[in-house]
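The following exercises are intended for a reader meeting this structure for the first time. Please attempt each task before reading its solution.

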Amino acid sequence: MNLELRKIEIKDVVFGEETGLKEGVLTVCKQDIIDELMEDVNVKSIKVDIAKPGEKTRIIPVKDVIQPRIKVEGKGNGFPGVTSEMVQLGSGKVNVLDGVAVVTIGDIVGFQEGVIDMWGEGAKWTPFSKTLNIVVDIEPVDGLDPHTHEATVRVAGLKAAELIGKAGKEAEASIVDKYEMDDIFTETGKYPDLPKVAYVEMLISQGLLHDGYIYGVNSQKILPTLIHPNEELDGAVISGNCVAACDKITTYQHQNNSAILDLYKRHGKDINFVGVILTPELTTLEGKFRTCDYTAKLCRTLGVDGVVVSEEGYGNPDSDLLMICKRLEDSGIKTVLITDECSGWDGMSQPLADTTPEAVAVVSTGNVSHVVELEPADKVIGSAEAIATLAGGWEGCLQEDGSMVCELNAVIGATSEIGYHNLTVELY
Amino acid sequence: MVKEIERYGIPIVHMSTITTISESVGANRIVPTIAIPYPVGNPNLSKVVEEDLREKLVRRALTALGTEVEETTYF
Amino acid sequence: MSYKVLYYVNQFFGQVGGEDKAGMAPVMKDEKVGPALGFDQLMGEEAEVVGTIICGDNYFNENNEEAVKFIIDAVSEKNPDLVVAGPAFNAGRYGMACAGVAKVVADELNIPVITGMYGENPGLEIARTKSLVVETNDSAAGMKDALAKMADLAKKMLKGEKLGYPEDEGYFAQGKRLTVFSDKRGSERAVEMLLARFKGEEFKSELPMPVFDRVAPAAAIKDLSKAKIALVTTGGIVPNGNPDRIQSASAQKWGKYNIAGKDSLEGEFYTIHGGYDPVYANELPDRVAPLDMLRKFQKEGLIGEVYEYFYTTTGTGTSVGNAITFGKEIGKELKEAGVDAAILTST
């Protein structure tokens with residue numbers, strides 16, 4: 001498969017009469033977005049706002065973050081299976097509005113939506129303080145059941161990103177990243193001496209606001225599945241979850257999966273990157289045994305020498321992570337795990353809910369309970385009070401002056417377990 | 001929490017779905033349950049069948065409390 | 001201005017006597033005795049040992065309350081900036097006494113403590129979380145090195161300087177997991193770690209696997225029909241409105257609610273646990289905490305009674321440290337209430 005991600009450098013975003021792109025400035029027509037999204041009968045109202053890096057703006061409660069793009073050559077614009085027709089992804093040329101993100105907010109569906117601060121202390125802890133954010137506030141009609149509420153907001157966000165992406169149709173790219181990978185036999189024929197590596201991407205699949213979607217298929221329904229890295233980079237996997245703001249994989253992070261990108265960089269040089277295995281994290285013990293056995297078997301079938309395994313969430317999925325690790329290590333396959341930890345406010349608690357001595361190589365992406373103090377914002381897009389109900393926040397953590405204390409749990413992307421952000425943990 | 005309560009000499013049974021965690025952490029009496037969102041229930045079943053399921057699981061828990069154990073035991 | 005240090009030693013290092021004096025009650029000398037003198041010299045101008053407490057190892061371990069009171073009084077008299085105890089090397093009772101000193105001074109008096117021990121000293125487990133414990137040899141032959149490391153650490157601590165990694169500074173890791181920024185993103189570090197494994201190169205795992213302790217199983221109930229059973233859950237089941245504002249994740253508290261006379265939790269309770277799909281628990285909370293069945297068994301005479309209080313908290317993201325505290329507090333109440341057994345459900 002051959003995929004080109006053509007990055008168009010966006011320097012600024014403004015509202016205007018018509019959505020378009022000129023000399024690095026993206027103009028967004030608010031009304032167009034509102035009209036398009038209001039076509040869904042379940043949507044009551046839409047508000048659109050812009051938040052730029054450095055502004056004293058707080059966005060809360062954040063549901064998803066999506067990168068606006070447009071496919072200029074090849075099939076599969078939008079999100080096949082979800083917002084557009086079913087097509088095989090992974091090939092073609094995609095224009096990417098680099099540096100821009102669509103951020104969705106709105107009434108809380110569950111408890112794990114998050115916060116993004118565009119300046120100061122808060123900005124350090126989220127990668128999305130550096131993107132020009134187009135914030136779409138989606139209000140659903142009254143009386144929707146929670147599952148429909150979630151779906152409505154999810155699809156609206158993706159559609160908004162699709163619409164805005166169109167602005168990039170004719171633009172010139174400043175950087176073109178090429179992702180070329182043939183079938184496994186051909187690639188192994190080219191690099192017979194390089195160690196074969198697979199990436200196992202665990203996806204939370206535990207119900208309302210805890211699901212992922214692959215070509216529109218709810219990850220709860222799948223067996224561990226082999227997928228070409230290009231497919232994920234091309235939009236095949238989207239987020240339907242807010243497992244916890246700090247480590248949920250946003251759609252943007254699927255589109256730019258750092259584990260895939262870092263492995264791809266080494267392909268043909270230090271490793272033979274053979275593919276990605278998507279593994280659901282289920283809620284029954286039998287389900288966990290089934291998926292862990294199956295994942296390990298797929299790895300063995302591919303004949304890999306090593307595997308990078310990333311988790312999504314914490315608590316019960318720690319068990320899956322370690323079971324996969326043990327099965328692989330017992331088969332002679334070397335593993336590196338990427339996970340965050342729940343070490344408490346004082347950092348003194350045991351980091352994981354489960355344990356296995358085979359996990360000798362682990363990257364820690366941070367303590368989700370690390371407490372941060374955020375200054376008052378000049379502008380809040382959304383509802384500041386939401387922090388009281390969010391995981392990582394609590395009643396009374398928001399002060400009258402607008403400052404707040406909360407755990408990293410509540411900060412979007414802080415402890416990303418695909419290794420997207422740059423936190424680590426040291427032992428003292 | 002299970003272990004701390006047991007340290008007072010109070011026999012306690014852990015009803016949980018992810019028993020691998022239960023066992024790793026060191027619970028002594030374990031009853032495996034149905035699923036994380038509904039450990040002692042199952043909304044996919046009819047009311048009568050679901051209640052019967054719950055009754056059987058709680059009965060097992062009580063049996064666990066009445067049984068001497070030396071090490072981690074499943075009921 | 002030089003800092004003040006209060007020093008603690010046992011009867012042997014305090015030059016009073018050997019095993020025969022292990023029962024001696026604590027005394028405070030204004031002079032610097034034994035290791036206190038060596039430590040004082042190493043600190044030079046920066047600090048001065050203003051007193052040496054000498055206490056028998058057996059006395060400390062057998063008369064803990066009185067010994068602790070003595071320490072508190074001594075500290076209040078001398079007003080030190082730092083307390084130093086030991087080093088205890090591999091002496092078990094001495095190590096436990098040093099740990100006891102560290103505990104009271106750190107927890108109740110909020111003054112930093114430095115001590116020194118050998119890795120197998122039984123006092124290490126407690127001492128390391130309350131004080132900085134320098135790693136020493138297993139015998140007093142290592143006194144010179146131990147005091148030198150302790151003095152170096154003391155100087156840094158008194159000046160408020162940031163300490164290096166435990167392995168570099170020579171003290172036992174306290175178990176504190178500190179979140180910091182790295183110059184590389186996590187996935188890059190992961191790929192590098194895998195490459196190191198392929199090449200057989202050294203690498204350092206960022207997350208050591210936890211080791212969980214064991215508890216002896218409690219004796220079984222002899223007669224269930226007379227037993228008082230308590231229901232506890234970590235599924236976050238709370239009364240409507242969550243009156244005590246228990247957190248949806250990373251719980252900082254637990255709740256207890258009177259369920260006397262209730263045949264089920266339906267309608268009056270719901271879940272605030274953020275880690276699972278709440279729809280089914282909200283419809284019928286007994287799917288998470290089966291009060292309905294316990295009540296049924298009570299009516300049938302299978303069990304004696306259901307304890308009138310139901311205990312709840314949120315399990316997701318809740319640190320093990322907090323879980324241990326909650327378990328201790330709830331366990332204490334259950335014990336005092338004469339509860340015979342408990343069922344704990346998790347999600």
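A residue is buried if 20 or more other C-beta atoms lie within 10 Å of its own. The model examined here is predicted.

**Exercise 1. A helix of chain C**

Task: Establish which residues of α4(C) are buried, and compare the expected span of the helix with the distance between its end C-alpha atoms.

Solution.
Step 1. Applying the cut-off of 20 C-beta atoms within 10 Å, one finds a buried run from C:Arg93, C:Tyr94, C:Gly95 and C:Met96 through C:Ala97, C:Cys98, C:Ala99 and C:Gly100 to C:Val101 and C:Ala102. C:Val104 and C:Val105 are buried as well.
Step 2. The helix covers residues 92-109 of chain C, 18 residues in number. The expected span is 1.5 Å times one less than the number of residues, so a rise of 1.5 Å a residue gives 26 Å.
Step 3. The end C-alpha atoms are 25 Å apart, in agreement with the expectation.
Step 4. Just after α4(C) comes C:Asn110, with a positive phi of about 60°.

**Exercise 2. Chain B and a shared sheet**

Task: Describe the makeup of chain B and place its strands in the open sheet of seven strands.

Solution.
Step 1. Chain B has three helices and three strands, which follow the order α-β-α-β-α-β from the N terminus.
Step 2. Of the 75 residues in chain B, 55% are buried. Its C-alpha atoms fill a box of roughly 40 × 25 × 15 Å along the principal axes.
Step 3. Strands β1(B) (residues 12-16) and β2(B) (residues 29-32) run parallel and are joined by three bridges. Within this pair, B:Ser16 stands opposite B:Pro32.
Step 4. The sheet has mixed pairing and reads β3(B)-β2(B)-β1(B)-β13(C)-β8(C)-β12(C)-β10(C). Its edge strands, β3(B) (73-74) and β10(C) (255-258), each pair on one side only.

**Exercise 3. Where chain A meets chain C**

Task: Determine how many residues of chains A and C are in contact, and which element of chain A gives the most to that side.

Solution.
Step 1. Contacts link 71 residues of chain A with 50 residues of chain C.
Step 2. Elements of chain A that each supply at least two residues include α7 (258-266), β19 (306-310) and β20 (334-341). The most comes from β21(A), with six residues.
Step 3. By class, this side of chain A has 31 nonpolar, 30 polar and 10 charged residues.
Step 4. Five bridges join β25(A) to β7(C) (residues 177-181), and the two strands run antiparallel. One bridge pairs A:Leu423 with C:Phe181.

Note on methods: Residues numbered from 1 in each chain as written. Chains lettered and ligands numbered in written order. Predicted model: local features only at pLDDT ≥ 70, side-chain atom pairs only at ≥ 80, totals over all residues. Contact = placed C-beta atoms within 7 Å. Helix = DSSP H or I, 4+ residues; strand = E, 2+ residues; numbered from the N terminus. Nonpolar A, V, L, I, M, F, W, Y, C, P; charged D, E, K, R; others polar. Pairing = 2+ DSSP bridges. Buried ≥ 20, exposed ≤ 12 C-beta atoms within 10 Å, placed from the backbone.
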